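Subject: Structure handover and notes

Hi there,

As promised, I am handing over the structure we talked about. Please open it alongside this email while you read.

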Amino acid sequence: MDERYDPKKIEPAWQADWERTNLYLTREDPGRPKFYILEMFPYPSGAGLSVGHLHNYVPCDVIGRYKRMAGFNVLHPMGWDAFGLPAENEAILKGAHPTETVPRYAANFKRQLTISGCAYDWTREINSSSPEYYKWTQWFFLMLYKRGLAYRGTGAQWWCDKCRTILANEQVVNGCCWRHPDNPVSKKDLEQWYIKITDYADRLLADLDGIDWPEPIKLMQRNWIGRSEGAELAFPVAAHAGKEIRFFTTRPDTVFGVSFMVLAPEHPLVAEIAAPAERAMVEAYVADARRQTEIERMSTVKEKSGVFTGAYAHNVFTGKDIPIWIADYVLMGYGTGAIMGAPGQDQRDFEFATRFGLEIPRVTAPAGGAPPADRAFTEPGIAINSGFLNGKTTAEAIDTVTKYAEQHGIGRATITYRMRDWLISRQRYWGCPIPIVYCKTDGIVPVPEDQLPVMLPAMKDYLPSGTGRSPLANVPEFVNTTCPKCGGPAERETDTLDGFACSSWYFLRFASPHEDRRPFDRRAVDYWLPVDLYVGGAEHAVMHLLYARMWTKVMFDAELIGFDEPFPALRNQGVVGASDGQRMSKSKGNVVTPDAMIDKYGADALRLWELFMSPFDEATNWNESGLAGTLRFITRVWTMIRRYVEAGCPGGKAGEETLKRAHKTIQLVTDHIERLRFNTAVASLMDHLNYLAKLRPEEMGRFTEETFVLMLAPMAPHVTEEMWRALGHHTSVHLEPWPKFDPNLARDEMVTVVVQVNGKVRDRLEVPAGSTQTACTEIAMASTEVTRHFAGETPTKFIYVPDKVLSIVVPAPRRREP
């Protein structure tokens, strides 16, 4: 071993060796269990990765390496979600073409992951914009179409002026495009392709209970699906024969208190029933409502607005004709686009009725009391002023009125969902062509499977038109074709698929990425799938994760696969912000690249800091100063191994205390990696090194030295290869078995050390009895429960009472001059 640790010499050499020996090829040894770990498909849409991205990729690499050493066949692939708006917008920004930028960016991502020491099997690399891949995306679309799950419909859709395309409901956040959070969206009437994800709503909801996902992600999906049980009722429109207003309510027991109806401004009945005297006002209100976002319309703080249509509905329960209004807080996309106004029992209706002087009947009261006079009574209670419902509890009244409605043909029990069908077509160039043609004789005709893929044509001028039509409409040789059914003239669909179509099945393709006769080899999928650990950002909770679950269930129903949940275990990595607390962004000029950090400190030091700087699932800000510490740690390990090698690798047995500490550390590191507690796994190795560094080489023993290198190997793969060879081995450290601990030797009394910051208890650490102040301090400094109380200041003093208390003194935050 060289006396000096030099990552610039060591790391490129080992990366070349791994590539030359195909060290990380996926293997299917029948004597081993399998483990499939996968990060969410990245977009190759920018100049490269940041250190924030590595907070996802490095921990997953550690898991993959650890599982391989622990005796698993590991599938850890990588590919590119290369179709869609991110890639096209980036190409436009650069004044280039996606066919140029996508391969260049993907190659750069791959280079950065390689120099970071990530052990992907690059023979399985896939790219969603390659015809070999999108042929099968088209195949899946046709499968959905043939199963009645893909359909074409017309409606008012969200339009982003910056993206110049239609967006799905899930892609509108706080009234703005999810990719342009400062750009409010608007509505545009277009004919579009949809996927009937609502057909799977109940299964998507119920099956959340059986998967190991973070509870906030499950809650987001439950809320987005928004299942509500109630009744759909119908009131006829007075003086308009045959017209009726159908509406859904979760409180059918309050129908005797309905004193008005409210339609969404977009409701088709509005134009038909508006009285001549009210028509101008109604039309002006409708036009204004269409200019607002859903967030603005649903705001609970804005003053209620509405317009009377001049028409009336007949409340079949009270026999009264009640006014029909339109109001922008009612949305056409949810339920039937109509609601009953029961102002005595619904606060929103109460405020509307108060604003416009409408009647407020009281039909529910608390047991033994009277309803409040100044607000709606929204709780369950006893029916009053409600005819045949009087005296019944809310639950009893709901059941009674629902049965009455069904018996008299004016309603039925039903279930509604907040979730809408997935709008999947986009008016952009860079996407998977939709394999459909339109024939004047035969209508909508799917492209035969043997004619797939429908190739995306080359277009020099691919900029979105902003008219609602895809640029592909300007390519006659693409548009004009023959009908596969009758052979007559036909036109191709010119919209492309939402990029989320590509990522709804890619995890299956990795099992057999070179299969050319079908989307995947069933045998390979049966072996590797479902994914054992899926890792990615929480921002995809109601988009990618929901869509992929739905497509998986469709494939299960079609008997293409044998499982109906793609990701039984999911974890979200924490977001790494810039040092100033802002999001890393090229526009802000605060992006820190792995290239710069590797050049300065080495990949292994960067990897260790990515693991140590915060808990894996917690947000943090980048702090380069920590890299000096992890580089110092590696240098100390290097020195320890070098001293041992130079002493001739003495093989004597280590002392009892040393052996116990080695086994205890193996136990701790194993447990922490299994639970994705990488920061404390690193801290355990640091603590162990502090003990070993005090020993002479002959006191350590080969077991102690080798197990330390083996435990460090998944985290710092380059330097451990070098040290492993220096210890006399001739094969890769990454092919060695993970060290096992003796439970009897690892058994140690654990104690709770209370951590105080300026006298206040901030955390409690479970540590081995006898842990040093240095060890406890390192673990405490890895705890965000501790460091978040530093207010940006550096501790000035540490007071340690062994096995009991660690007290940290932090100066008060300095006052900033105005």
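Below are my notes, grouped by topic.

Before anything else, please keep in mind that this is a predicted model.

**Two helices and their surroundings**

Let me start with helix H11, which spans residues 347–356 and has Asp349, Phe350, Phe352 and Ala353 buried. Looking down the axis of H11, you will see these buried residues fall within an arc of 165 degrees, so they line one face of the helix. What do the buried residues of H11 pack against? Their neighbours are three strands: S13 (260–263), S15 (321–326) and S16 (338–341). Both ends of H11 deserve a look as well. At its start, a side-chain oxygen of aspartate 346 comes to within 3.0 Å of the backbone nitrogen of arginine 348. After H11 comes glycine 357, with a positive phi near 65 degrees.

Helix H25 (residues 717–726) is mostly covered, with seven of its ten residues buried. These are Pro717, His718, Val719, Thr720, Glu721, Met723 and Trp724. The cover over the buried residues of H25 includes helices H1 (7–20), H2 (51–69), H19 (603–612), H20 (625–646) and H24 (702–712). H25, too, is followed by a glycine with a positive phi: glycine 728, near 105 degrees.

**Strands**

Next, a small stop at an open sheet of three strands, ordered S7-S8-S9 and paired in the antiparallel sense. S7 (172–173) and S9 (180–184) are the edge strands, each with a single partner, so one side of each has no neighbour in the sheet. S8 (residues 176–177) pairs with S9 over two bridges, and cysteine 176 stands opposite proline 184 in S9.

Further along the chain, S22 (residues 436–439) and S23 (residues 443–446) run antiparallel and are joined by four bridges. Together S22 and S23 make a hairpin, with three residues between them. Which residue of S23 is the bridge partner of cysteine 439? That partner is glycine 443.

**Backbone details worth a look**

Most residues other than glycine have a negative phi, and most peptide bonds are trans. With that in mind, here are some places to check.

- The peptide bond between leucine 452 and proline 453 is cis, with omega about 0 degrees. Proline 453 sits in the loop between S23 and helix H13 (476–479).
- Another cis peptide bond joins leucine 529 and proline 530, again with omega about 0 degrees. Proline 530 is found in the loop between helix H16 (522–528) and strand S27 (533–535).
- Alanine 239 has a positive phi, near 65 degrees, although it is a residue other than glycine. Its place is the loop between strand S11 (228–236) and strand S12 (244–249).
- Cysteine 649 is not a glycine either, yet its phi is positive, about 50 degrees. It belongs to the loop between H20 and helix H21 (656–674).

Are alanine 239 and cysteine 649 buried or exposed? Alanine 239 counts as exposed because its relative accessibility is 83%, and the cut-off for exposed is over 50%. Cysteine 649 is buried because its relative accessible area is 16%, and buried means under 20%.

**Pocket and cavities**

The second largest pocket holds about 1,100 Å³ of space. It is lined by 31 residues, and the closest to its centre are Trp609, Phe612, Asn623, Gly626 and Met781. Which element gives the most to this lining? H20 does, with eight residues. Among the elements that each supply at least two residues are also H19, strand S30 (620–621), helix H22 (678–692), helix H27 (773–781) and helix H28 (784–787). You have already met H19 and H20 above, as part of the cover over H25.

As for enclosed spaces, there are two cavities of 30 Å³ or more. The largest cavity has a volume of about 160 Å³. Of its 18 lining residues, Gly84, Leu85, Pro86, Asp498 and Gly499 are the closest to its centre. Helix H3 (85–93), strand S26 (496–497) and helix H14 (499–502) each contribute at least two residues to the lining of the largest cavity.

Happy to go through any of this together.

Best wishes

Definitions and conventions:
Residues numbered from 1 in each chain as written. Predicted model: local features only at pLDDT ≥ 70, side-chain atom pairs only at ≥ 80, totals over all residues. Heavy atoms only, no water. Buried < 20%, exposed > 50% of the residue type's maximum accessible area, 1.4 Å probe, protein only. Arc of directions from axis to C-beta. Contact = heavy atoms within 4.5 Å. Polar contact = N/O pair within 3.5 Å; in protein donor to acceptor, adjacent residues only side chain to side chain. Pairing = 2+ DSSP bridges. 1 Å grid on protein atoms, 1.4 Å probe; cavity = no way out; pocket = protein on both sides within 12 Å on 5 of 7 lines; lining within 4 Å. Points joined across faces, edges and corners; volume = space filled by probe spheres on them.
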